[in-house]
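Visitor: I am new here. Please walk me through what is on show, and tell me how each label is earned.

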Amino acid sequence: MTRKTARASTPPANGEQDPANVIRTEVEYKSFQSDEVSHTDLGLADDQLLDMYRNMLLQRRFEERAAQMYGKQKISGFLHLYIGQEAVSTGVANAMKIGEDSVITAYRDHGIALAMGMTSNECMAELFGKVDGCSKGKGGSMHFFSAEKRLFGGHGIVGGHIPVGVGIAFAHKYKEDGGVCICFFGDGAINQGSFHEAANLASLYKLPVVLVVENNEYAMGTAVHRASAETDLFKQATGYNMPGALADGMDVFDCYRAFSDHIAMARDNQPSLLEVRTYRYRGHSMSDPGKYRTKEEMENKKNADPIIRLKAYLVGHNLATNESLDVIDEDVKREVKASVEFAEKSPQPPLESIYEDVYAQKDYPFLK
Amino acid sequence: MAEMQFREALRAAMVEEMERDDTIFLMGEEVAEYDGAYKVSEGMLAQFGAKRVIDTPISENGFAGLGIGAALNGLRPIVEFMTWNFSFVAIDQLINNAAKIRYMSGGQFKVPIVFRGPNGAAGQLAATHNTSTESIYATFPGLKVVAPSNPDDAKGLLKSAIRDDDPVIFLESEVMFGWKGDVSEEKNYLIPIGKARIARQGDAVTIVGHSKSYWVAMKTAEMLAEDGIEAEVIDPRTIRPLDIDTILESIRKTNRCVIIDESNPFASISSEMTYQIQERAFDYLDAPIMRITAKDTPAPYAKNLMEYYMPSAQDAYDACRKVMYVD
């Protein structure tokens, strides 16, 4: 279970043995990438692996289509795409107990929603601002919610949801229901005070939470080295006396294993910080051409594409053929296309619904 | 009925509700081991234990957000701010999360949480510790704002707030914590959120005042009574929802209104009340609505300046005589 772990060793009690009396940082690393371990080593069945492939592809095709619909002005507002990061969402969705454990994330939330089993229809309808959307058309791209799946939202304020995630974990522990909370945020959010306060509270109260920083290298247009004085973000864990570790976000095996390990720790009320190094192919949002990075960088990253990597594994281990995977792709494309038709046909929310779901009481007196 | 301090009434409300429902817990700075910075939670740690009466670090953003997450996941937190002035450190949590998650989730999640603590001025504390926050939080749909003026209301309204399925901003007053009054001992004593109280009957002028301003309003009414003028005093008790109907009914009788509000005047609750009254009862007004508020400045430290800064009964008395064209 040991991963790359930063641990500040306390100075020895006898200062004479260590005249410098310095605090040392020890780093160990063990990875579980798909070119090193097999899926059976990780306890994944063949079928499950194919489902993971299908789901990663679904996320990719869903968002490609969403981008197209944004271009056609069928989708408005901000649209932050997750393309490139699918191994992270798929890894966690397979490592957690969906419906018992909780997830909260930031505004780049389509991938985790689909990975957790929310339907393409309800997700696309939400992007279209329609009544059948997962938030009844009141949340949009940044605010996908599902009480049934225990997705406590996409959240639009950078870092603002991290304390909320810690509170969800607090309630799991208080109720002794065995659940844990997996709280995602980006590399930009780690510089918010809310992260510091939440991480401190999580460790202080020993809460069942996995704090996951999805480091996709850019906070809007600002590269991580321009925003964080320490670019090994997982090392922040030492400041809160909790384990910190690093996972390869471009490899679904490594993500799955890392989430499994950290969720297990959380079930023992040991919070932790997991940094997942990933990459987004698209700009921060649809309005961002991404000029702050080079073509070469993009090409290098695309060579490490998590879907292609899993595809190579499946074919290389005779679990699928290129042809059978093409059939999956066609099936996924059909599903996404149907979701667009569903979203088109779904009605706009009725105007009177603007006053619904603000308060619990139905007859709340609004200014009208 | 039993005579209780304001702080004892608040404590009684929390204790009774926590005895009734074990999903309710209290957290905040110094609420547990220290027994409450202002002794509102005195004895609660001993009664309920550290699982349910929880000390926090000085991390308002963190523990406000933690409370919201706990509320989303099935608990009913009471979060104490040592003063509402410190809530500004946590304002993103209250405004963007507590107020909006129900709406943005299409009603899938509720946030049953109470944020409570002393609001407004408490003597010569200078600008950072002297802010009346009611208009700030009342402007955001999704939040309810409650501001009781006496121990009995404090108990009945806090019990309602704790049972409410929406986030409630519960504004107390450090100055009033020691004030005494008769309080109902009934276990299910609930005062509904959104219902004003007619505290004094009269037909000459309507004076509206909530929280500490209610006491200024009552003093003003006594001063007017010496002149033979009978003022009607309305204590709104809750700021959002505002029981504008009760205020309008009074104004239709008196045709005159003076509002006392210790907030800064610009875009304040008294501004909102004034607008709503003229919108709905313009034809009944015999004089412009006047308001007595804090001065439009940060709060000063110096004693004389602070006294001048706060709304006074003398100013309210003068305003009432003016709207009645007595002077």
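**How the labels are earned**

Guide: Start with Asp251(A). Asp251(A) has a relative accessible area of 1%, so Asp251(A) is buried. Keep in mind that this is a predicted model.

Visitor: What makes 1% count as buried for Asp251(A)?

Guide: Buried means under 20% relative accessible area. Asp251(A) has 1%, so the label is buried.

Visitor: Which residue forms a salt bridge with Asp251(A)?

Guide: Arg309(A) does. The closest N and O atoms are 3.0 Å apart. A salt bridge needs that nitrogen and oxygen within 4 Å, so the pair qualifies.

Visitor: What does the pair of Arg309(A) and Asp251(A) tie together?

Guide: Arg309(A) lies in helix 10 (residues 306–316) of chain A. Asp251(A) lies in the loop between strand 8 (244–248) and helix 8 (252–267) of chain A. So the pair ties together parts that are 58 residues apart in sequence.

Visitor: Is Arg309(A) buried or partly exposed?

Guide: Partly exposed, because its relative accessible area is 24%. The partly exposed class runs between the 20% and 50% cut-offs.

Visitor: How do you know that Glu217(A) and Lys301(A) form a salt bridge?

Guide: Their closest N and O atoms are 2.7 Å apart. The limit is 4 Å. Glu217(A) sits in the loop between strand 5 (209–215) and strand 6 of chain A, and Lys301(A) in helix 9 (residues 295–303), so the pair ties together parts that are 84 residues apart in sequence. Glu217(A) is partly exposed at 23%. Lys301(A) is partly exposed at 25%.

Visitor: Where do Glu64(A) and Arg61(A) lie?

Guide: Both lie in helix 1 (residues 46–71) of chain A. They are three residues apart, about one turn of the helix. Their side chains meet in a salt bridge, at 3.0 Å from N to O.

Visitor: How many salt bridges are there over all chains?

Guide: The search of the whole structure finds 48. In chain B, a network of salt bridges links Glu16(B), Glu17(B), Arg20(B), Lys155(B), Lys159(B) and Arg163(B).

Visitor: What is the count of salt bridges between chain A and chain B?

Guide: Zero. Yet the interface has 27 residue pairs in polar contact, both residues at pLDDT 80 or more. The contact takes 45 residues from chain A and 50 residues from chain B. About 3,600 Å² is buried between the chains, and carbon and sulfur atoms give 63% of that area. In chain A, Tyr174(A), Glu197(A) and Tyr359(A) lose the most area to chain B. Together they make up 19% of what that side buries.

Visitor: What makes Met220(A) exposed?

Guide: Exposed means over 50%. Met220(A) has 53% relative accessibility, so Met220(A) counts as exposed. Met220(A) is in the loop between strand 6 (218–219) and strand 7 (222–223) of chain A. Its phi is near 50°, a positive value in a residue other than glycine.

Visitor: Why is Lys136(A) called partly exposed?

Guide: Because its relative accessibility is 35%, and partly exposed lies between the 20% and 50% cut-offs. Lys136(A) also has a positive phi, about 55°, although it is not a glycine.

Visitor: Why is Arg11(B) called buried?

Guide: The cut-off is under 20%. Arg11(B) has 16%, so Arg11(B) counts as buried. Arg11(B) lies in helix 1 (residues 6–20) of chain B. Leaving aside neighbours within four places in sequence, Arg11(B) is in contact with residues including Lys39(B) and Met44(B).

Visitor: How do you know that the peptide bond between Arg240(B) and Pro241(B) is cis?

Guide: Omega is about 0° there. Pro241(B) is found in the loop between strand 12 (238–240) and helix 9 (244–254) of chain B.

Visitor: How do you know that chain A agrees with a compact globule?

Guide: With 368 residues, such a globule would have a radius of gyration near 21 Å; chain A has 21 Å, so the values agree. Chain B, with 327 residues, has 20 Å, against an expected value near 20 Å, so chain B agrees too.

Note on methods: Residues are numbered from 1 along each chain as its sequence is written. Chains are lettered from A and ligands numbered from 1 in the order in which they are written. This is a predicted model: local features need pLDDT of at least 70, side-chain atom pairs count only at pLDDT 80 or more; totals for chains, interfaces and linings use all residues. Side-chain values use heavy atoms; hydrogens and water are left out. Contact means heavy atoms within 4.5 Å. Buried area is the accessible area (1.4 Å probe) that two parts lose on being put together, summed over both. A polar contact is a pair of N or O atoms within 3.5 Å; within protein, one must be able to donate a hydrogen and the other to accept it, and residues adjacent in sequence count only if both atoms are side-chain atoms. Helices (H or I, at least four residues) and strands (E, at least two) are DSSP runs, numbered from the N terminus. Buried means under 20% relative accessible area, exposed over 50%, partly exposed in between (1.4 Å probe, protein chains only). The radius of gyration is taken over C-alpha atoms; the globule rule is 2.2 Å times the number of residues to the power 0.38.
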